[in-house]
Amino acid sequence: QQQQKQQMQAPASPFQLLRGETAYPLLQMTLAPGQTVRSESGAMVMHDVGVEIKGKSGGLKKAFARSMAGGESFFQVFATNNNPHPARISFAPKIPGEIMMLPL
């Protein structure tokens with residue numbers, strides 16, 4: 001099973017699954033300079049210096065719809081790498097579970 005997960009992760013992938021075989025997995029992402037990633041509020045665990053964090057609701061109607069229909073948080077977090085070099089940011093689920101990397 002671990003080999004399958006490693007095969008699914010391309011060598012150039014900006015994602016790395018840390019502690020993936022536990023009930024408390026951690027997903028680390030490498031952000032290129034100027035790159036922004038959006039996450040659910042409360043999912044971010046850590047980030048490198050130079051990563052700017054901003055919270056937004058995206059509009060009251062959209063935030064309410066996300067919250068009611070998808071069970072997502074009312075707020076979203078946008079993290080932007082303001083460094084001239086790559087920076088790391090890590091995420092974890094709010095409840096125990098598994099993170100699966102699926103090819104799209």
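**Exercise 1. Determine whether lysine 54 is buried, partly exposed or exposed in this predicted model, and find its partners.**

Solution. Begin with the accessibility: the relative accessible area of lysine 54 is 44%, and because partly exposed covers the range between 20% and 50%, lysine 54 is classed as partly exposed. Next, look for an oppositely charged side chain, and glutamate 52 is found to form a salt bridge with lysine 54, with the closest N and O atoms 3.7 Å apart. Glutamate 52 is itself partly exposed, at a relative accessible area of 34%. Finally, turn to the strand pairing, where lysine 54 stands opposite phenylalanine 78 in β6. That position belongs to the pairing of β5 with β6 (residues 76-81), which is antiparallel and comprises 6 bridges.

**Exercise 2. Establish the strand order of the sheet that contains β6, and state which strands stand at its edges.**

Solution. The pairing of β5 with β6 is already known to be antiparallel, and the pairing of β3 with β6, over 5 bridges, is likewise antiparallel. Putting these together gives an open sheet of 3 strands in the order β3-β6-β5. β3 (36-40) and β5 (51-56) each have a single partner strand, so one side of each is left without a neighbour in the sheet. On average, and with direction ignored, neighbouring strands here are turned by 25 degrees against each other.

**Exercise 3. Describe how the side chains of β3 are distributed between the two faces, and follow valine 37 to its surroundings.**

Solution. In a regular strand, side chains alternate between the two faces of the sheet. In β3 this alternation places Val37 and Ser39 on one face, where they are buried, whereas Thr36, Arg38 and Glu40 point to the other face and are not buried. Taking valine 37 further, its bridge partner in β6 is alanine 79. Beyond four places in sequence, valine 37 is in contact with Met29, Leu31, Val77, Phe78, Ala79 and Phe91.

The next step is to ask which larger grouping includes valine 37: the largest nonpolar core, of 9 residues, consists of Met29, Leu31, Val37, Ala43, Val51, Ala79, Ala87, Ile89 and Phe91. β2 and β7 (87-91) each supply at least two residues of this core, and the largest share, 3 residues, comes from β7.

**Exercise 4. Work out the strand order of the sheet that contains β7, and characterise the setting of serine 90.**

Solution. The sheet is open and has 4 strands, arranged in the order β1-β2-β7-β4 with antiparallel pairing. Since β1 (15-18) and β4 (44-47) are edge strands with a single partner each, one side of each is left without a neighbour in the sheet. Neighbouring strands are turned by 20 degrees against each other on average, when direction is ignored. For the pairing of β1 with β2 (residues 26-31), 4 bridges can be listed, and leucine 17 stands opposite leucine 27 in β2.

Serine 90 lies in strand β7 and, with a relative accessible area of 1%, is buried. Apart from neighbours within four places in sequence, serine 90 is in contact with Leu26, Leu27, Gln28, Ala43, Met44, Val45 and Met46.

**Exercise 5. Count the salt bridges, and identify those that tie together parts distant by 54 and by 40 residues in sequence.**

Solution. The count comes to 3 salt bridges. One of them joins the side chains of lysine 94 and glutamate 40, at 3.4 Å from N to O. Lysine 94 lies in the segment after β7 and glutamate 40 in strand β3, so this pair links parts that are 54 residues apart in sequence. Lysine 94 is exposed, at 55% relative accessibility, while glutamate 40 is partly exposed, at 28%.

Another joins arginine 88 to aspartate 48, with the closest N and O atoms 3.2 Å apart. Arginine 88 lies in strand β7 and aspartate 48 in the loop between β4 and β5, so the parts tied together are 40 residues apart in sequence. Arginine 88 is partly exposed, with a relative accessible area of 36%.

**Exercise 6. Locate where the confidence of the prediction is lowest and where it is highest.**

Solution. For the whole protein chain, the mean pLDDT is 77, and 70% of the residues score at least 70. Confidence is lowest in helix α1 (residues 2-8), with a mean of 45, and highest in β7, with 93. Over residues 1-11 the pLDDT stays under 50, and for this stretch the model has 11 contacts beyond four places in sequence.

How values were computed: Residues are numbered from 1 along each chain as its sequence is written. This is a predicted model: local features need pLDDT of at least 70, side-chain atom pairs count only at pLDDT 80 or more; totals for chains, interfaces and linings use all residues. Side-chain values use heavy atoms; hydrogens and water are left out. Two strands pair if DSSP finds at least two bridges between them. Axes are lines fitted to C-alpha atoms, for helices over the stretch in contact, and angles run from 0 to 180 degrees between N-to-C directions. A nonpolar core is a set of buried Ala, Val, Leu, Ile, Met, Phe, Trp, Tyr and Cys residues joined through side-chain atoms within 4.5 Å. Buried means under 20% relative accessible area, exposed over 50%, partly exposed in between (1.4 Å probe, protein chains only). Contact means heavy atoms within 4.5 Å. pLDDT is the predictor's confidence in each residue, from 0 to 100. A salt bridge is a side-chain nitrogen of Lys or Arg within 4 Å of a carboxyl oxygen of Asp or Glu.
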